[in-house]
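Please find below some notes on the cysteines, two helices and the nonpolar cores. They are meant to be read beside the coordinates.

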Amino acid sequence: MKEDDLSELSISLFNMIPDPFLVVSEDGIYLEVLGGTERTLYDDASSLKNRNIHDFLDPEFVSFFMGKVTQTLQGTTLNCFEYQLQTDRVDIPEQNGPGGLQWFEARMYPMKKPYKGHRAVSVLLINISERKMLHQRLNELSYLDPLTAIANRRFFLERVTEELQCFLINQVPVHVLLCDIDHFKFINDNFGHLAGDQVLKDFALIAKEIFDLSHTLARFGGDEFVISVVGLRTDQILQKCEALRLAVQNHQFLYENKRIYVHVCIGVSEITMYDTDISKLIGRADKALYQAKETGRNKVVFLQ
């Protein structure tokens, strides 16, 4: 393609495109910088034309991007990839776009003929930051219990699977605690389901105060909660469980100015070298919880 092949009409059409279109040589020169007119998504990068990417971007990013250019020139097909870029670190005269860390999708294609005497690729860039944020939010929601705003069963099972591997490799102690609100059906039947929901939310808050962020607290289902604790001895775990039991017993659960007396059973199990999957560990904690219920409730039971 000759330089005059990029006619005034072509330039006009390219500059109507909200996303930037580039032609980048194999040694990193921005031979063309067109489009990218949407200032809510992009800085005005027109000043980068005829500059080398090594002059205005971080070396680490340059190595990544030029690796993609080389890879694309070695093939004959479209090369699509995503990347993050700290846009305020790009050396341009005026930064008038959204700024900060942005996500981009690059669609890179090898040009069949030299452009302005260079082997080159054409590149369409698309700002996908909003899409990434939406996906991240949806992913977070998929791991969140909507009522109590703590982790859900799915997240807990995935996390404990990771902790099981940690134990197998480093022999770090792992405990699982199953907590069940005593006579929760009575609360729902006598105070209403909204009152029951409030009890569950209050319990989650109490548990979060006693078990810090290094531990995993989740709603397992219904009125059952589960906690995994890594790195503490059994005696330390039982102290925390007793603190949780007493905190629940002494807390003033209120709904529409009515006091609801709440107690909790806690079943505790510690991981062993024979636990090849999490089901055995949770199963023992469940047996311990059942034993706590059968022997009077409002208590903590540990099963090895």
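1. Cys265 has 0% relative accessibility and therefore counts as buried. The closest cysteine sulfur to that of Cys265 belongs to Cys179, at 9.7 Å, which is too far for a bond. Note that this is a predicted model.

2. Cys179 is likewise classed as buried, because its relative accessibility is 1%. Its sulfur has that of Cys241 as the closest cysteine sulfur, 6.7 Å away, again too far for a bond. A disulfide would need the two sulfur atoms within 2.5 Å, and the structure holds 0 disulfides.

3. Cys241 sits in helix H7, where Thr234, Ile237, Leu244, Arg245 and Val248 are buried along with it. Viewed down the axis of H7, the buried residues lie within an arc of 100°, so they line one face of the helix. On the face turned away from that buried side are the exposed residues Gln239 and Asn250.

4. The length of H7 raises no query. Its 17 residues, 234-250, should span 24 Å at 1.5 Å a residue, and the end C-alpha atoms are indeed 24 Å apart. Packing partners of the buried residues of H7 are helix H6 (193-210) and the strands S6 (174-181), S8 (224-230), S9 (253-255), S11 (264-270) and S12 (300-303).

5. Which residues touch the most other members of the largest nonpolar core? They are Leu177, Phe203 and Leu244, in a core of 31 residues. Two or more residues each come from S6, helix H5 (184-191), H6, S8, H7, S9 and S11. H6 gives the largest share, 8 residues.

6. Leu244 deserves a look on its own. Beyond its neighbours within four places in sequence, Leu244 is in contact with Cys179, Phe203, Ile206, Ala207, Ile210, Phe211, Ile227 and Ile266. Apart from this core lies another, of 28 residues, which includes Val24, Phe56, Met66 and Ala106.

7. Met66 is also one of the buried residues of helix H2, together with Phe61, Val62, Phe65, Val69, Thr72 and Leu73. These buried residues fall within an arc of 120° when H2 is seen down its axis, so they line one face of the helix. Glu60 and Ser63 are exposed on the face turned away from the buried side.

8. H2 covers residues 59-73, 15 in number, and reaches 21 Å from first C-alpha to last, close to the 21 Å expected at 1.5 Å a residue. The buried residues of H2 pack against four strands: S1 (20-25), S3 (79-86), S4 (101-110) and S5 (120-127).

Key:
Residues numbered from 1 in each chain as written. Predicted model: local features only at pLDDT ≥ 70, side-chain atom pairs only at ≥ 80, totals over all residues. Heavy atoms only, no water. Expected span 1.5 Å × (residues − 1). Buried < 20%, exposed > 50% of the residue type's maximum accessible area, 1.4 Å probe, protein only. Arc of directions from axis to C-beta. Contact = heavy atoms within 4.5 Å. Core = buried A, V, L, I, M, F, W, Y, C linked by side-chain atoms within 4.5 Å.
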